[in-house]
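Reader: I'd like a close look at one part of this model: its buried interior. Start with an outside residue for contrast, then work your way in and finish at the ligand.

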Amino acid sequence: MLSQNDKDGLLKRYAHFKSALDERAGKQDLLVVSKNQSADHIAVLAEAGQRAFAENYWQEAEQKIQAQGHFPLQWHFIGRVQRNKAAKIAAHFDWVHSLDDDLIAQSLSRARVDNARPLNVCIQVNISHEDQKGGIEPDDLFGLADKVAVQPHLLLRGLMVIPSKAVLSNRAVFEDMHSLWVDLQQRHPSVDTLSMGMSADYLEALDAGATMVRIGRGIF
Ligand SMILES: *Cc1c(COP(=O)(O)O)cnc(C)c1O
């Protein structure tokens, strides 16, 4: 259980991010990244009206998703999708932001067959060409997007990026992502989501056209 003090602090920081988004016409979505946080933390924000939460690992998310079953929450998977977890992820999450592989796309779609709604997916782009990072190279994006778009149980919603931490400003990266996203929208009308911006750089991301920001440490 959280103390009243912890609860108040959490709600205050959450309100700060909510109002930062509301000031910008309120059209962008706030995704609360609840990795490393307890089910109690999630419940406090769910009671305050937050619906969209994100997790990086199926092993960690499983219990939390079950614990919040009485709230109509929307779960977003933002970690690397391991092949052997694809079925669980497809069955229990509403969104996957970190798709970067056609075989994983096929596994996710197959595992979603019994669900009335398709799984919403964003393709992760490795726009700063980092070796260690997940995400597809920009040159390969449209090829993968065309394959994802024909999967019967996936709905291609957009793009996601995790910029390099090594640079002072991610503005140029966010702007490049935005123009890639606009091009993708021309080919795939289902695309309406640009998932970029975290606690440290969400304002820059919003300036560049993000439609969804992913906030963890800033709130918790
Ligand atoms: C942890 C994480 C976030 C949240 O980052 P903060 O700096 O804690 O706001 C956003 N996106 C991804 C993919 C993450 O892994």
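Author: Asn 5 is our outsider: at 63% relative accessible area it is exposed, where exposed means over 50%, buried means under 20% and partly exposed is in between (1.4 Å probe, protein chains only). Before going in, keep in mind that this is a predicted model, where local features need pLDDT of at least 70, side-chain atom pairs count only at pLDDT 80 or more, and totals for chains, interfaces and linings use all residues. Residues are numbered from 1 along each chain as its sequence is written, and side-chain values use heavy atoms, with hydrogens and water left out.

Asn 5 belongs to helix 1; helices (H or I, at least four residues) and strands (E, at least two) are DSSP runs, numbered from the N terminus. From the C-alpha of Asn 5 to that of Val 96 is 34 Å, with their positions 91 residues apart along the chain.

Now inside. In soluble globular proteins, nonpolar side chains tend to be buried together. The largest nonpolar core here has 63 residues, a core being a set of buried Ala, Val, Leu, Ile, Met, Phe, Trp, Tyr and Cys residues joined through side-chain atoms within 4.5 Å. The members that touch the most others are Leu 108, Ile 123, Val 148, Leu 159, Met 196 and Ile 219. Helix 7 (residues 171–187) gives this core its largest share, six residues. There's also a second, separate core of nine residues, with Ala 52, Cys 122, Met 160 and Met 212 among them.

Let's zoom in on Met 196. You'll find it in the loop between strand 7 (193–195) and helix 8 (202–207), and because its relative accessible area is 0%, Met 196 is buried. Beyond four places in sequence, Met 196 is in contact (heavy atoms within 4.5 Å) with Val 161, Phe 174, Met 177, Ala 205, Ala 208, Gly 209, Ala 210, Met 212, Val 213 and Arg 214. Ile 162 is 34 residues away from Met 196 in sequence, yet their C-alpha atoms are 7.0 Å apart.

Cys 122, from the second core, sits in strand 5. It counts as buried because its relative accessibility is 0%. Leu 99 is 23 residues from Cys 122 along the chain, with 6.3 Å between the two C-alpha atoms. Leaving out neighbours within four places in sequence, the contacts of Cys 122 include Trp 95, Val 96, His 97, Ser 98 and Leu 99, plus Arg 157, Gly 158, Leu 159 and Met 160.

Helix 6 (residues 141–149) is a nice one to rotate on screen. Its buried residues are Leu 141, Leu 144, Ala 145 and Val 148. They sit on the same side of helix 6 because they cover an arc of only 105° around the axis, the arc being that of the directions from the helix axis to the C-beta atoms. An α-helix has 3.6 residues a turn, so residues three or four places apart point the same way. The buried residues of helix 6 pack against strand 4 (95–99), helix 5 (102–111), strand 5 (119–124), strand 6 (154–160) and helix 7.

Just upstream, in the loop between strand 5 and helix 6, is Asn 126. Polar or not, Asn 126 counts as buried because its relative accessibility is 3%. It touches Lys 133, Gly 134, Gly 135, Ile 136, Glu 137 and Pro 138, not counting residues up to four places away in sequence.

Helix 2 has its own buried set: His 41, Ile 42, Ala 43, Val 44, Leu 45 and Ala 46. They pack against helix 1 (4–22), strand 1, strand 2 (52–55), helix 3 (58–67) and strand 3 (74–77).

Last stop, the ligand. The residues around it (a heavy atom within 4 Å) include Lys 35, Asn 56, Ile 162, Met 198, Ser 199, Arg 214 and Gly 216. For the polar contacts, look for pairs of N or O atoms within 3.5 Å. Polar side-chain atoms of Asn 56 and Ser 199 lie 2.8 Å and 2.4 Å, respectively, from a ligand oxygen atom. Gly 216 uses a polar backbone atom, 2.8 Å from an oxygen atom of the ligand. On its own the ligand exposes 390 Å², and the protein buries 91% of that, with areas from the Shrake-Rupley method and a 1.4 Å probe.

Methods
A polar contact is a pair of N or O atoms within 3.5 Å; within protein, one must be able to donate a hydrogen and the other to accept it, and residues adjacent in sequence count only if both atoms are side-chain atoms.
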